[in-house]
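Subject: Structure handover

Hi,

Here is the structure for you to take over. My notes on what turned up follow below it.

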Amino acid sequence: MNKLKSPDKPFEISKRSVWEAWEKVQANKGVPGVDGQTIAEFESDLKNNLFKIWNRMSSGSYFPPPVRAVEIEKAHGGTRILGVPSVADRIAQTVVAQMLEAKVEPVFHPDFCGYRPKRSALDAVTACRQRCWKADWVIDLDIRKFFDCVPWDLVIKAVEANTDVPWVVLYVKRWLKAPLRLPDGSLQIRDRGTPQGSVISPVLANLFLHCAFDVWLAREFPGVTFERYVDDAVIHCVSETQAQHVLAALQRRMCEVGLELHPDKTRIVYCKDSNRHGSYERTEFTFLGFTFRARQVRLKTGKMFTGFNPAVSNDALNKISRRVRSWRLHLHTEVSEADLARLINPFVRGWMQYYGAFYRSALYPLLGRINSYLMRWIRKKYKRLRGRKKAQEAWNGTVTQRSRFFAHWAWVPTVPVVW
């Protein structure tokens with residue numbers, strides 16, 4: 001299993017690396033690609049399927065199939081195309097991604113947090129909050145259609161600058177050129193970009209932006225701090241003049257590397273709070289699902305003040321609300337309380353852990369709405385609890401006896417008055 005190279009194979013790719021890639025793909029689950037093969041179907045002949053991947057990759061004869069294009073809705077309307085590789089191709093991409101990540105991880109900038117070991121989106125939000133307290137201004141960046149427009153030649157140049165493993169470069173080139181199979185069955189041939197949704201795309205995006213953004217900004221403006229999560233970034237400045245200067249330079253830099261800042265979504269923002277005065281056009285921004293703006297904060301002493309803090313954004317709340325409504329909990333009277341808990345707790349717990357990390361009270365109305373659905377479920381399922389008073393008594397007793405039965409009861413155990 002650990003043997004690196006067969007005598008007749010030009011590339012040193014271990015079977016162990018293919019197996020580890022399979023374990024990651026299996027854990028992440030995911031839908032089929034263009035061949036329609038599910039993870040379960042791939043696993044039914046696992047030994048032979050993994051051998052084929054290893055054999056072709058180590059001999060240089062692996063060519064990726066087209067990537068299945070899937071349309072998803074954007075938060076502000078419209079659709080975004082995600083690329084879904086086949087199960088086998090996801091495994092092959094993971095083999096290369098793991099090799100490339102091991103090479104580049106030591107050189108990445110400490111303020112880049114996307115898809116890195118021991119770093120998360122919440123780490124980026126935490127750093128952003130702390131820096132907003134120290135610096136008065138931020139540049140909220142939006143790169144227009146980054147994954148669709150990133151130029152291949154510069155991506156390959158960044159890969160070649162960071163690894164001397166020939167098969168890594170070879171397969172990166174092949175994946176960049178893999179066509180998209182659109183929902184109508186036609187093939188879209190591309191000459192730039194790397195599809196969102198594929199395993200290798202975040203690695204290539206991060207490596208490209210490491211060279212095009214992180215290293216450049218640290219070199220040109222060493223006193224300026226930033227946080228970046230793939231193509232989502234915030235830059236902190238001490239004055240509006242500095243922010244304007246950095247933004248102008250960054251616009252030129254993006255043109256140099258074949259990209260463009262979105263003119264309507266890239267903006268300079270003033271981090272207004274109790275200690276910052278004046279009237280400015282923009283005093284809030286959204287980063288990684290959190291909206292940063294002036295918010296009331298109570299100190300341990302009981303004193304209130306206005307701080308510049310993050311809380312779950314309206315877009316994120318709307319997305320979560322759509323998911324909650326889609327459950328239609330009050331109609332599923334054929335299932336038990338335990339069934340409902342098993343259905344919703346993993347989702348709710350995830351929302352609480354992420355969006356509740358900062359200013360968690362912004363989540364309370366949503367969690368209360370879930371309780372309203374559950375109360376409607378109780379009154380529909382049990383005839384003896386149709387009355388509001390009896391239903392509320394039963395609810396109170398259940399919450400007292402099993403306060404963590406539903407994950408969100410730890411924060412919001414009550415039902416809103418109107419239900």
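Start with N162. Setting aside neighbours within four places in sequence, N162 is in contact with K103, V104, V107, L207 and C211. Note that this is a predicted model. N162 sits in helix α7, residues 152-162. Its relative accessible area is 19%, and buried means under 20%, so N162 counts as buried.

C211, one of those contacts of N162, belongs to helix α9. C211 has a relative accessible area of 30%, so it is classed as partly exposed. Not counting residues up to four places away in sequence, C211 touches A158, N162, W216 and R253. I also checked C211 against R131. The two are 80 residues apart along the chain, and their C-alpha atoms are separated by 23 Å.

Helix α10

R253, which C211 touches, is among the buried residues of α10. The others in that set are A243, V246, L247, A249, L250 and M254. What do the buried residues of α10 pack against? They pack against β3 (137-140), α9, β7 (232-237) and β8 (267-270). Helix α10 covers residues 240-256, 17 residues in total. From its first C-alpha to its last, α10 reaches 24 Å, close to the 24 Å expected at 1.5 Å a residue. Just after α10 comes G258, with a positive phi of about 80°.

Strand β7 and its partners

β7 is one of the elements that α10 packs against. Of the 6 residues of β7, 5 are buried, so the rest of the structure largely encloses this strand. β7 pairs with β3 through 4 bridges, and the two run antiparallel. Within that pairing, W137 has C237 in β7 as its bridge partner. Strand β6, residues 225-229, also runs antiparallel to β7, joined by 5 bridges. There, E227 stands opposite V234 in β7. β6 and β7 form a hairpin with 2 residues between them. V230, in the turn, has a positive phi of about 55°.

The open sheet

There is an open sheet of 4 strands. Its order is β2-β1-β4-β5, and the pairing is mixed. Why is one side of β2 and of β5 left without a neighbour in the sheet? β2 (79-84) and β5 (187-188) stand at the edges, each with a single partner strand, so each has one side without a neighbour there. For β2, the pairing with β1 (residues 67-73) is antiparallel and takes in 6 bridges. One of the bridge pairs is I72 with R80 in β2.

Cavities

How many cavities of 30 Å³ or more are there? The count is 2. The largest cavity holds about 60 Å³ of space. It is lined by V67, Q93, W175, L176, T194, P195, S198, I200 and L204. Two elements, α8 (166-177) and α9 (200-220), give two or more residues to that lining. By class, the lining of the largest cavity has 6 nonpolar residues, 3 polar and no charged.

The second largest cavity has a volume of about 40 Å³. Its lining is made up of L141, I143, L209, F213, R228, D231 and A233. Here the split is 5 nonpolar, no polar and 2 charged residues.

The second largest pocket

This pocket has a volume of about 290 Å³. It is lined by 13 residues, and D35, I53, R56, Y62 and A88 are the closest to its centre. The elements giving two or more residues to the lining are α3 (46-59) and α4 (87-104). Which element provides the largest share of the lining? That is α3, with 4 residues. The lining of this pocket divides into 6 nonpolar, 3 polar and 4 charged residues.

When you open the model, I would go through it in this order: the N162 and C211 contact, then the packing of α10 against β7, then the linings of the largest cavity and the second largest cavity.

Best wishes

Terms used. Residues are numbered from 1 along each chain as its sequence is written. This is a predicted model: local features need pLDDT of at least 70, side-chain atom pairs count only at pLDDT 80 or more; totals for chains, interfaces and linings use all residues. Side-chain values use heavy atoms; hydrogens and water are left out. On a 1 Å grid over the protein atoms alone, a cavity is a set of points where a 1.4 Å probe fits but cannot get out, and a pocket is an open set with protein on both sides within 12 Å along at least five of seven lines; lining residues have an atom within 4 Å of a point. Grid points are joined across faces, edges and corners, and a volume is the space filled by probe spheres set on the points. Ala, Val, Leu, Ile, Met, Phe, Trp, Tyr, Cys and Pro count as nonpolar, Asp, Glu, Lys and Arg as charged, and the others, Gly among them, as polar. The expected span of a helix is 1.5 Å times one less than its number of residues. Buried means under 20% relative accessible area, exposed over 50%, partly exposed in between (1.4 Å probe, protein chains only). Contact means heavy atoms within 4.5 Å. Two strands pair if DSSP finds at least two bridges between them.
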